[in-house]
Structure formats: C-alpha cells, structure tokens
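Reader: I would like a close look at the nonpolar core of this protein. Please take me through that part step by step, and then through the places around it.

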Amino acid sequence: QIGSVMLLAGRVVLGGVFLYAAYTKLRHPWMLFAMSVNSYRVLPDWGVTLVARGLPWLELALGALLILGIGLRFVATAASALLAGFFLLMLRSYSQGLGIDCGCFGFGEKLGPRTLIRDGALVAFSLVIMVGAFLKRRARA
C-alpha cells in the first residue's frame, strides 16, 4: 500500500516537472528553444526544427500521462529514456567546455554543475518510477 502511494506521488511529481518543462518552452516562440537545441551541435537544421517544435508537446503528453497513470510502464520508460538521453548530451557538452544554455526549462539557463546535478537526480527519480511501475504490474499478475 505504501509503495502504491509513493508511486502515485512520484509519478505526479515527475509529471509536474514534465508539464512545467513543456510550459516554459511553449510560452515563447519555438525559435528561442531552437537556439538552445542548436547549441548542442549534434543535429542538422531540420533536426533542430523538429526537436524545437515537437519536444515541448512530447513533454506535455508525457507529463499528463504520468499524472493520469495511463500506460505507466511505457510512459515511465519513455520519460526515463528521454531524460537519460538529454543528461548524457548535457554531460558531453559540459565536458567539451561548451558554455551553452541547457534548454531544460526554456531559454536562459546556463549548463553547469547545478543543472547537471538537478537533471541527474531527475534521471534517477524517473528510473525509480519506471521500476516501481513494472513492479506494481508484476505484483498484480
């Protein structure tokens, strides 16, 4: 029972983080976020446009689905993969000395130790939610 309550609280918190991340990007023109995406220097122009226009909507969907608990195993896995992928990209960029905007919560947040610690903690938190979702499903079977 306690595990179910903790899983509920965790997915609501993580869902809220995703909703907030989407909100911070969607409230500004997509080109501002595109500048952050482009600063990582890993995508061609068409990829930057695709990510800048599509990622906020994906974050919005993941946040809503996490809060609602719909398809939790799949959604938590997708959220964990997304967070882990971006965290690895952030680590790479920071280790290369790129003084860039992280783009995590909109425009204007410099990539640095604070953002790396925060986003690393989010990856760990999302993995706990994902494992919890699978364990809950297994307990029901």
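Author: In this predicted model, the largest nonpolar core has 32 residues, and the members that touch the most other members are L14, F18, L66 and M90. Five helices give two or more residues each to this core: α1, α2, α3 (45–68), α4 (72–95) and α5. The most comes from α4, which gives 9 residues.

F18 is a good residue to start from. Leaving out residues up to four places away in sequence, F18 touches E59, L62, G63, L66, A79, L82 and L83. One of these contacts, L66, is also among the core members that touch the most others.

M90, another of those members, leads to a charged residue. D119 is in contact with F87, M90 and C104, once its neighbours within four places in sequence are set aside. D119 sits in helix α5, which covers residues 113–140. Is D119 buried or exposed? Its relative accessible area is 9%, and buried means under 20%, so D119 counts as buried.

C104, one of the contacts of D119, leads on to the disulfide. The structure holds 1 disulfide, formed by C102 and C104, with their sulfur atoms 2.4 Å apart. The pair counts as a disulfide because the cut-off is 2.5 Å between cysteine sulfur atoms. Both partners can be put to the test used for D119. C102 has a relative accessible area of 5%, so C102 is buried. C104 has a relative accessible area of 12%, and C104 is therefore buried as well.

The last place to look at is an empty space. The structure holds 1 cavity of 30 Å³ or more. The largest cavity has a volume of about 40 Å³. Which residues line the largest cavity? The lining is made up of T24, K25, H28, P29, L32, F33, G106 and F107. Two helices, α1 (2–26) and α2 (30–39), supply at least two residues each to this lining; both helices also give two or more residues to the core. Sorted by class, the lining has 4 nonpolar residues, 3 polar residues and 1 charged residue.

To put the parts together: the core draws on α1 to α5 in the way described, and M90, one of its members with the most contacts inside the core, touches D119. D119 in turn touches C104, which is bonded to C102 in the disulfide.

Technical notes
Residues numbered from 1 in each chain as written. Predicted model: local features only at pLDDT ≥ 70, side-chain atom pairs only at ≥ 80, totals over all residues. Heavy atoms only, no water. Buried < 20%, exposed > 50% of the residue type's maximum accessible area, 1.4 Å probe, protein only. 1 Å grid on protein atoms, 1.4 Å probe; cavity = no way out; pocket = protein on both sides within 12 Å on 5 of 7 lines; lining within 4 Å. Points joined across faces, edges and corners; volume = space filled by probe spheres on them. Helix = DSSP H or I, 4+ residues; strand = E, 2+ residues; numbered from the N terminus. Nonpolar A, V, L, I, M, F, W, Y, C, P; charged D, E, K, R; others polar. Contact = heavy atoms within 4.5 Å. Core = buried A, V, L, I, M, F, W, Y, C linked by side-chain atoms within 4.5 Å.
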